[in-house]
Amino acid sequence: MKKIPIGITDFKGIINDNYYLVDKSLLIKDIMEDGSKVLLLPRPRRFGKTINMSMLKYFFEKTDEDNSFLFKELDIYKHKDVMERQGKYPVIYITFKDLKDKNIDKCYEKIKEILSEQYNKFKFILDSLSEVDKIYYNDILLRKASEAQYETSLKNLSKFLSIYYGINVVILIDEYDVPIQSGYLNNYYEDIVEFMRNFLSGGVKDNEYLEKAVMTGILRVAKESIFSGLNNLSVYDILKNKYSSYFGFLEAEIEEIFKYYEVEFKLNEVKSWYNGYVFGENIIYNPWSILNYVNNYEEGLQPYWINTSSNDLVKSLITKGGQQLKSELEDLIQDKSITKEINENIEMKEIDKSTENVWSFLLLSGYLKTIKKTRNPDGRLICELSIPNLEVKYLYNEIVMSWLKESIRNDEFNIMLNSLTNGDIETFEDIFADYVTKSFSYFDIGDESESFYHAFVLGILVALNNKYRVKSNRESGYGRYDIMIIPKDAEKRGIIIEFKKVNKRRKETLNTAAENALAQIKTMNYKQELIELGVKNVIELGIAFEGKDVLVLT
């Protein structure tokens, strides 16, 4: 019985140590037949990027050991013309997956270490170099080169290797955009972008010593001019069909895995948790979650992927988002879809400047899926988006709950909601007023009350999900209510909430604004929807805001 390769990304180790391998080897053939010298294959994290890059390394790399045996049981071995090129090239293999540093100095030190290791790997070519090149080579090796020399180190190493071997070089760069994301999160964005632009452009742009370069990451980030003027670059993100089957598991592949390990499963349940990703024309399952589920199937379905790594960037983008983004997130959490213009060429520093950029990032990094794609007459891409599955929905719920914990203690929030659903409006008002005071500063984006309102709706959406359905800004009776809390058990209370911000130009007070909110509920007959659902006990609340002051009337 083959072992389950959880966290094992070394292709040779998987083959030699009897781990289960889903055969993606025809990726090699497609890459070799691709007319572009440089390929960028962005995919969400934990979807097999690193193991595929490792496979490419063992295929192309010229070493003293014959590694062709690694491919004998794989589909690629049937293509003799491709196999003839196995083990023929010097390979520079770099991964930036661990460059998640809080400051630029530490990031630079790690980059120097990575480059030193590559130069050390090939130090046997030193004797073939000129005296000047030897000095340069040793400066990189000993980590005492200038920043400008590190920026040219990729191109120069490819030159040294190509001359030594008499054949052009294959360059593989895994997770190229990790340091860029770290720079964005930790305020050294401009510095790291400048370095990466010079480093990568030097290595892959107009490099006469390059046979083929393959890069992976999460985003394309092409607008940053990292790849400006690179005419031989082709980008295949999750919206493109080419290469779409090589990252993540297809349904037939997971069925083979379950059959091999004799794991009983209900396909619909597994789909609801781990399926839903759409790469090109393929429906894709999350490989990390599938393997963990097989390994721990007796423990049931769990959010394995979401718990593997920091989601700080996702949390930051959603938290910073204004009322429109929070309103649309409400729809997504309620299993509705939204339609957005998608920008495939995101500039990292512009991600939080518009809701469209945020949705583009969430789609391309695996936190949303496409239901439908169309293009405007001017060529702009329009996508209907939804949350892929329960595992990703779990993350959004966690983000919402983390907001609440930062503005009010979790137990207080639970007491507040319990008081609301139990009809104890006095206790609800006391805690709610305190919650408003603390939260307005946290959600201080645009119109404070609107931002707070949507954050509050998201909070009750998540916290009451098991026993209630929560709807916001929906038509009922003769108008649109702000919030309706619908019990799944019709014997329990239903709740309608209408918010009003005090209009000083109309000389409103908190009391008159709350009375107007309550009057609107009654005049518009909002409770009609609850009555039609069989809910007889209905609480109607008018809530008025004036700055951080709040009044609740029933």
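This is a short guided tour of one predicted model, stop by stop, with something to select at each.

**Stop 1: the whole chain**

Start zoomed out, with everything shown as a cartoon. You're looking at 22 helices and 15 strands. The C-alpha atoms fill a box of roughly 85 × 55 × 45 Å along the principal axes. Try colouring by burial: of the 554 residues in the chain, 56% are buried. If you like contact maps, take the contacts between residues at least 6 apart in sequence; 70% of those join residues at least 24 apart.

**Stop 2: strand 3 and its neighbours**

Now select residues 169-174, which make up strand 3. How many of its six residues are buried? Six of the six are, so strand 3 is mostly covered. Turn on the side chains and look at which way they go. Val-169, Ile-171 and Ile-173 point one way, while Val-170, Leu-172 and Asp-174 point the other way, and all of these are buried.

Next, add residues 91-95, which form strand 2. Strand 2 and strand 3 pair in the parallel sense over five bridges. To find your place in the pairing, look for Thr-95, which stands opposite Asp-174 of strand 3. Then add residues 210-217, or strand 4, which runs parallel to strand 3 and is joined to it by five bridges. Here the pair to pick out is Val-169 with its bridge partner in strand 4, Leu-210.

**Stop 3: helix 5 against helix 6**

Hide the strands and select residues 104-121 (helix 5) and 131-141 (helix 6). Their axes come within 8 Å and cross at roughly 130°. That angle makes helix 5 oblique to helix 6. Show side chains where the helices touch: helix 5 brings Leu-115, Ser-116, Tyr-119 and Asn-120, and helix 6 brings Tyr-136, Tyr-137, Ile-140 and Leu-141. Sorted by class, this contact has six nonpolar residues, two polar ones and no charged ones.

**Stop 4: helix 12**

Select residues 267-274, and you have helix 12. Its buried residues are Val-270, Trp-273 and Tyr-274. Where do they sit around the helix? Turn the view until you look down the axis of helix 12: the buried residues fall within an arc of 75°, so they line one face of the helix. Before moving on, click on Gly-276, just after helix 12, where phi is positive at about 100°.

**Stop 5: helix 14 meets helix 15**

Select residues 312-320 for helix 14, and residues 323-333 for helix 15. These two helices pack at an angle of about 115°, with their axes 7 Å apart. That makes helix 14 roughly perpendicular to helix 15. Where they meet, Leu-317, Ile-318 and Thr-319 come from helix 14, and Leu-325, Lys-326 and Leu-329 from helix 15. By class, that contact has four nonpolar residues, one polar and one charged.

**Stop 6: a three-stranded sheet**

Keep helix 15 on screen and bring in an open sheet of three strands, in the order 8-10-9 and with antiparallel pairing. Select 338-342 for strand 8 and 369-375 for strand 9: these are the edge strands, each pairing on one side only. On average, neighbouring strands here are turned by 30° against each other, direction ignored. Strand 10 covers residues 381-386, and six bridges join it to strand 9. For a landmark in that pairing, find Lys-372 opposite Glu-384 of strand 10.

Which elements does helix 15 touch on this sheet? Helix 15 touches strand 8 and strand 10, and its direction makes about 125° with that of strand 8. Helix 16 (residues 355-364) packs on the sheet too, touching strand 8, strand 9 and strand 10, at about 95° to the direction of strand 8.

Now zoom in on Leu-385 in strand 10. Is it buried or exposed? Leu-385 counts as buried because its relative accessibility is 0%. Among the residues Leu-385 touches are Leu-332, Ile-338, Ile-342, Trp-359, Leu-363 and Ile-371.

**Stop 7: strand 13**

Finish with residues 494-501, strand 13. Six of its eight residues are buried, so strand 13 is largely enclosed by the rest of the structure. Add residues 538-546 to see strand 14, which runs parallel to strand 13 and is joined to it by eight bridges. The last pair to click on is Gly-494, which stands opposite Val-538 of strand 14.

Note on methods:
Residues numbered from 1 in each chain as written. Predicted model: local features only at pLDDT ≥ 70, side-chain atom pairs only at ≥ 80, totals over all residues. Heavy atoms only, no water. Axes fitted to C-alpha atoms, helices over the stretch in contact; angles between N-to-C directions. Helix = DSSP H or I, 4+ residues; strand = E, 2+ residues; numbered from the N terminus. Parallel < 35°, antiparallel > 145°, perpendicular 65-115°, else oblique. Contact = heavy atoms within 4.5 Å. Nonpolar A, V, L, I, M, F, W, Y, C, P; charged D, E, K, R; others polar. Pairing = 2+ DSSP bridges. Buried < 20%, exposed > 50% of the residue type's maximum accessible area, 1.4 Å probe, protein only. Arc of directions from axis to C-beta. Lists of a residue's contacts leave out its neighbours within four places in sequence.
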